[in-house]
Each structure stands twice: as structure tokens, then as C-alpha cells.
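Work through these exercises with the coordinates open. Each task is followed by a stepwise solution.

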Amino acid sequence: MPEDLCSAESTHPELIEKAKQGMPDDLDLDDASYLVKVLADPTRMRMIAALLASELCVCDLADLTGMSQSAISHQLRVLRQSRVVKYRREGKNTFYSLDDEHIRLLVATAIAHVREMRPHGQEERG
């Protein structure tokens, strides 16, 4: 029998009830799924990783990623709408940073996880 199938004929009502009590509501799950989808883009993840270290303007992000300023602006719009990044104006410049500590922790944890799970001896890409 495949390991992902249940071998028991009955369910475990007490475990099901415990899981139900801890489940977020559908709106929270939908919003969290959308956030993960936004973060799942490698280009946006590169930009977010850069913003882990410092706030940056569009020119900085374009130079860092080798992308055009218009492409960066498009991605920043998606990230702003998802409340992943925020911005502040300083004269003619607009500086972007991560919206809050939750985003910082989420991304830093994901990066730490993949580094930890990478087979020993496997080199990083790029």
C-alpha cells in the first residue's frame, strides 16, 4: 500500500476536531496563498532578497538584477499591491524596502530552509 494512503478503516475524530480548531478561515487561506504565489516568482524573490539588506531605488534594483527599470517598476507594483514592499520618497527618488518584519522573516526562513536542505557538496547557482 502506498505510504500516503490511510491503512485504517476509520478516521480519528479527535484529531480532525483539533485540526478544525486550528484552521484559519477561508479568507486568510486565500490571502496567504496569493502571497506565496507572489513570492514564487524568481525575479521578485531576487528583488526581495536584495531588500533584505537595504532599501533600494528602482535604479539600484535594475543595476543589481541586470533588468530594465520598467521591468523592475512592474514587479515593484505587484509587490506593493501585495504589501510585500513599501516605499518612501526622498526628493526625486523613491526608495523601496520590505513592508514589515513578517515578510523579512518569511523570506529569510525560506532561504535558510533551502540552504539547509541542499545536498552536501551541491554548489549554489549564479
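**Exercise 1. Cysteines**

Count the disulfides in this predicted model, then account for Cys57 and Cys59.

Solution.
- Step 1. The disulfide count is zero.
- Step 2. Take Cys57. The nearest cysteine sulfur belongs to Cys59 and lies 4.5 Å away; Cys57 is in no disulfide.
- Step 3. Apply the cut-off. A disulfide needs two cysteine sulfur atoms within 2.5 Å. From Cys59, the closest cysteine sulfur is that of Cys57, at 4.5 Å, so the gap is too far for a bond.
- Step 4. Add the surroundings. Cys57 is buried, at 10% relative accessibility. Cys59 is partly exposed, with a relative accessible area of 42%.

**Exercise 2. Aromatic rings**

Find the aromatic pair and classify its geometry.

Solution.
- Step 1. Searching the whole structure gives one aromatic pair.
- Step 2. The partners are Tyr87 and Tyr96, with ring centres 6.0 Å apart.
- Step 3. A pair needs centres within 6.5 Å; planes under 30 degrees apart are stacked and those over 60 are edge-to-face. The planes of Tyr87 and Tyr96 are 45 degrees apart, so the pair is tilted.
- Step 4. Check exposure. Tyr87 is partly exposed, with a relative accessible area of 45%. Tyr96 is buried, at 7% relative accessibility.

**Exercise 3. The nonpolar core**

Describe the largest nonpolar core, then follow the contacts of Leu61.

Solution.
- Step 1. The largest nonpolar core holds 20 residues.
- Step 2. Those with the most contacts inside this core are Ile48, Leu61, Ile72, Leu76, Leu79, Val84 and Val85.
- Step 3. Map the core onto elements. Two or more residues come from each of α2 (26-39), α3 (42-53), α4 (58-65), α5 (69-81), β3 (93-98) and α6 (101-117).
- Step 4. Zoom in on Leu61. Beyond four places in sequence, Leu61 touches Met47, Ala50, Leu56, Ile72 and Leu76.
- Step 5. Set this in context. Nonpolar side chains tend to be buried together in soluble globular proteins.

**Exercise 4. Packing of α3 and α6**

How are the axes of α3 and α6 arranged, and which residues meet?

Solution.
- Step 1. The two axes come within 10 Å.
- Step 2. Their crossing angle is roughly 110 degrees. Angles of 65 to 115 degrees count as roughly perpendicular, and α3 and α6 therefore fall in that class.
- Step 3. List the interface. From α3 come Met45, Ile48, Ala49, Leu51 and Leu52; from α6 come Arg104, Val107 and Ile111.

**Exercise 5. Two polar residues**

Are Gln75 and Ser97 buried or exposed, and what do they touch?

Solution.
- Step 1. Gln75 lies in helix α5. Gln75 is buried, at 12% relative accessibility.
- Step 2. Outside four places in sequence, Gln75 contacts Asp41, Thr43, Arg44 and Met47.
- Step 3. Ser97 sits in strand β3. Ser97 is buried too, with a relative accessible area of 17%.
- Step 4. With the same sequence filter, up to four places left out, Ser97 touches Leu51, Glu55, Val84, Val85 and Lys86.
- Step 5. Compare sequence with space. Ser97 and Met47 are 50 residues apart in sequence, and their C-alpha atoms are 10.0 Å apart.

**Exercise 6. A backbone check**

What is the phi of Arg83, and where does this residue lie?

Solution.
- Step 1. Most residues other than glycine have a negative phi.
- Step 2. Arg83 is not a glycine, yet has a positive phi of about 60 degrees.
- Step 3. Arg83 is in the loop between α5 and β2 (85-90).
- Step 4. Arg83 is exposed, with a relative accessible area of 63%.

Terms used
Residues numbered from 1 in each chain as written. Predicted model: local features only at pLDDT ≥ 70, side-chain atom pairs only at ≥ 80, totals over all residues. Heavy atoms only, no water. Buried < 20%, exposed > 50% of the residue type's maximum accessible area, 1.4 Å probe, protein only. Core = buried A, V, L, I, M, F, W, Y, C linked by side-chain atoms within 4.5 Å. Helix = DSSP H or I, 4+ residues; strand = E, 2+ residues; numbered from the N terminus. Contact = heavy atoms within 4.5 Å. Axes fitted to C-alpha atoms, helices over the stretch in contact; angles between N-to-C directions. Parallel < 35°, antiparallel > 145°, perpendicular 65-115°, else oblique.
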